[in-house]
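Biologist: Thanks for sitting down with me. Could you walk me through this chain, one question at a time?

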Amino acid sequence: MASSDMDDHVEEVEVNAGRVRLGGQFAVPAHATGVVVFVHGSGSSRQSPRNRYVASALNRAGLATLLFDLLTREEEVNRRNVFDIELLAARLMRVTDWLVEQPRATGLPMGYFGASTGAAAALWATAELGDQVNAVVSRGGRPDLAAPKLPAVRAATLLIVGGDDKVVIDLNRAAQVRMRCENRLQIVPGAGHLFEEPGALETVAELARDWFAGHFVHGTVRP
């Protein structure tokens, strides 16, 4: 789908997440076959160029996407909030509740795409939500920060890590030992933590697209 066509399906939204309202961007291509919620990492926002790149690739593949801010600007000032995985997961679950009530998402299988600390929040929320989430993709994620919840994750999980990100590779391998769901560790050779190397982010987008498409075939969102 050309970007000009996709523009007609993009909506700026505001999500009621309890005592705060969070800004987001909801993109739904025609005949969408699933919806992916993006959970950004520490120090980032829904404007993350890396997440927006991956979201665009998913849109072109017929997947709806929701990018949103986990914290308000005032909350981001307190660095403890940025690394409060339980708080971030609770926000994500609130956003998920909002999403399943949207007419354009009705009946669509759901997935989470988490980056860095956002991946930990995605896995934490997935463990709490059970079968409501069909698939998770982690990019350079810190699943170790969701360690207590990992055995309860049911969604098929793809862990993508740069080949030069040695510490995070070890953390992801250790997390796999605790996980009981279908999972796979995919190492992108020559890539660092931010996947800034030529072709690295394109590989991430392709891997995410294929993982979600493969696991959305039989899934549905449960209101």
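Biologist: How many helices and strands does the chain have?

Modeller: Happy to start there, and please keep in mind that this is a predicted model. Both kinds of element are present, and the tally is 8 helices and 8 strands.

Biologist: What radius of gyration does the chain have, and why does it agree with a compact globule?

Modeller: A compact globule of 223 residues would come out near 17 Å, so that is the yardstick here. Along its principal axes, the C-alpha trace spans about 40 × 35 × 35 Å. The radius of gyration agrees with the globule value, at 16 Å.

Biologist: What percentage of the residues count as buried?

Modeller: The cut-off for buried is under 20% relative accessible area. Applied to the 223 residues of the chain, this gives 55%.

Biologist: Of the area that the chain exposes, what percentage do carbon and sulfur atoms supply?

Modeller: The total to work from is about 9,900 Å² of exposed area. The share supplied by carbon and sulfur atoms is 48%.

Biologist: How far apart do the centres of the positive and negative side chains lie?

Modeller: There are 23 positive and 26 negative side chains to place. Taking the centre of each set, the two lie apart by 5 Å.

Biologist: Which residue in β2 stands opposite Val15?

Modeller: Strand β1 covers residues 10-17 and β2 covers residues 20-27; they run antiparallel, joined by 8 bridges. The two form a hairpin with 2 residues between them, and Gly18 in the turn has a positive phi of about 85°. Across this pairing, the residue opposite Val15 is Leu22.

Methods:
Residues numbered from 1 in each chain as written. Predicted model: local features only at pLDDT ≥ 70, side-chain atom pairs only at ≥ 80, totals over all residues. Heavy atoms only, no water. Helix = DSSP H or I, 4+ residues; strand = E, 2+ residues; numbered from the N terminus. Rg over C-alpha atoms; globule rule 2.2 N^0.38 Å. Buried < 20%, exposed > 50% of the residue type's maximum accessible area, 1.4 Å probe, protein only. Areas by Shrake-Rupley, 256 points an atom, 1.4 Å probe, with all protein chains shown as cover. Lys, Arg positive; Asp, Glu negative; His and termini not counted. Charge placed at Lys NZ, Arg CZ, Asp CG, Glu CD. Pairing = 2+ DSSP bridges.
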